[in-house]
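Me: I would like to go through a protein model by question and answer. Please keep to what can be computed from the atoms.

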Amino acid sequence: MDYFIKNSAAQSERERELQQHTYKPGRSICFVVEEPTLREVFAATFRDRVIHHLLYNFLEPIFEPKFIDQSYACRKNKGTHQSLKNLQKYLRKITQNNRRKVYFMHLDIKGFFMSLKKDILFNLISKQVKNPEFLWLAKIIIFNDPIENFTAKGNLSLFDKIPAHKSLFHVPRGQGLPIGNLTSQFFANIYLNELDQFAKHDLKARYYMRYVDDFLILSDDKNQLKEWRNRIIYFLGQHLELNINLQKQIIQTNDKGIDWLGYIIKPSHILIRQRTVKALKRKLFLFNQKILSPKIKHPIRLWTPELGDDFKQIFTTINSYYGFLKYANTFRLRRHIYKKHFGILKIYLAPADKNYSYFIWSNG
């Protein structure tokens with residue numbers, strides 16, 4: 001337990017809890033986010049987030065070398081942008097620079113975070129970790145049930161709109177991880193690394209990639225993809241007790257692009273989903289209506305982020321969308337939206353650069 005004392009950022013009380021094995025996760029804050037889809041989130045306290053980072057910092061060097069390069073979520077030097085670049089590279093290679101059509105298969109796991117079995121996850125960790133103190137801590141965090149100690153916040157009516165298979169309130173005991181914790185994201189990679197290894201070494205799928213529970217395989221043989229799908233379904237059921245979402249499975253040619261993580265990927269360029277563009281335009285319209293509302297006095301004046309949560313939300317939301325757009329070939333789109341749809345917002349927000357990458361508060 002000396003490792004805890006020397007390396008934990010927690011204060012003496014937390015160190016003592018770890019030493020004496022009396023640590024228990026505290027009360028979470030549960031709320032529902034509406035975008036991109038309704039999702040139930042359990043936010044851990046600062047005290048617990050410190051412990052999560054402690055466990056992650058111990059486990060990451062053990063498991064990171066075991067992960068395949070084509071797993072992109074919650075990993076250093078990976079992420080959405082890297083997966084887009086690599087997928088485009090794979091497409092150029094397998095299509096011979098877009099000279100021929102190929103097939104892609106896009107699958108995801110039904111209710112992954114709610115379906116994950118805690119005992120399977122802990123067994124996967126215990127096979128690689130021999131330190132009894134960290135095994136104890138991993139077990140405490142994995143088998144903690146946040147619905148036994150939480151505070152609900154936000155729009156409570158949204159809880160009733162979440163499908164049962166996407167909520168911890170409706171899963172059997174010993175199943176499911178809370179969305180919103182660093183450990184949950186990392187545990188997902190440990191759990192689905194079993195699928196990654198199966199795809200690369202058993203199926204020998206050369207063009208395979210995964211982001212959380214979404215995964216994609218390219219091939220020039222449609223029948224091969226169907227065979228791989230059937231073998232993946234069997235493997236997931238037998239070894240991880242998971243199911244593919246068959247209603248969302250896609251096996252198509254790549255000529256119209258590949259819909260991946262909100263982008264449309266082609267060998268030569270990257271586009272944005274139309275529904276994302278429509279959602280941004282609608283938000284800009286609503287923001288303009290809010291600013292022009294009679295409830296806001298003197299709207300035609302400069303404001304700063306300190307002037308209210310509404311204005312902070314506008315600023316944050318727009319930059320979030322533009323941060324998403326900039327990873328695609330969308331310069332003309334970004335410029336067009338600014339000129340045609342910002343409206344009164346142009347008084348307050350100015351492009352940070354000539355590429356319309358993001359916006360800063362205007363000085364008038």
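The turns below cover confidence, overall make-up and one residue.

This is a predicted model, in which local features need pLDDT of at least 70 and side-chain atom pairs count only at pLDDT 80 or more, while totals for chains, interfaces and linings use all residues. Residues are numbered from 1 along each chain as its sequence is written, and side-chain values use heavy atoms, with hydrogens and water left out.

Me: What is the mean pLDDT of the protein?
Reply: pLDDT is the predictor's confidence in each residue, from 0 to 100. In this protein 91% of the residues reach 70 or more. The mean pLDDT is 89.

Me: Over which residues does pLDDT stay under 50?
Reply: The model has 17 contacts beyond four places in sequence for this stretch, a contact being heavy atoms within 4.5 Å. The stretch with pLDDT under 50 is residues 3–10.

Me: How many helices and strands are there in the protein?
Reply: Both are DSSP runs numbered from the N terminus: helices are H or I with at least four residues, strands E with at least two. The protein has 12 helices and 12 strands.

Me: Is Ser28 buried or exposed?
Reply: Ser28 lies in strand E1, residues 28–33. Beyond its neighbours within four places in sequence, its contacts include Phe42, Pro146 and Phe150. Buried means under 20% relative accessible area, exposed over 50% and partly exposed in between, with a 1.4 Å probe and protein chains only. Because its relative accessibility is 9%, Ser28 counts as buried.
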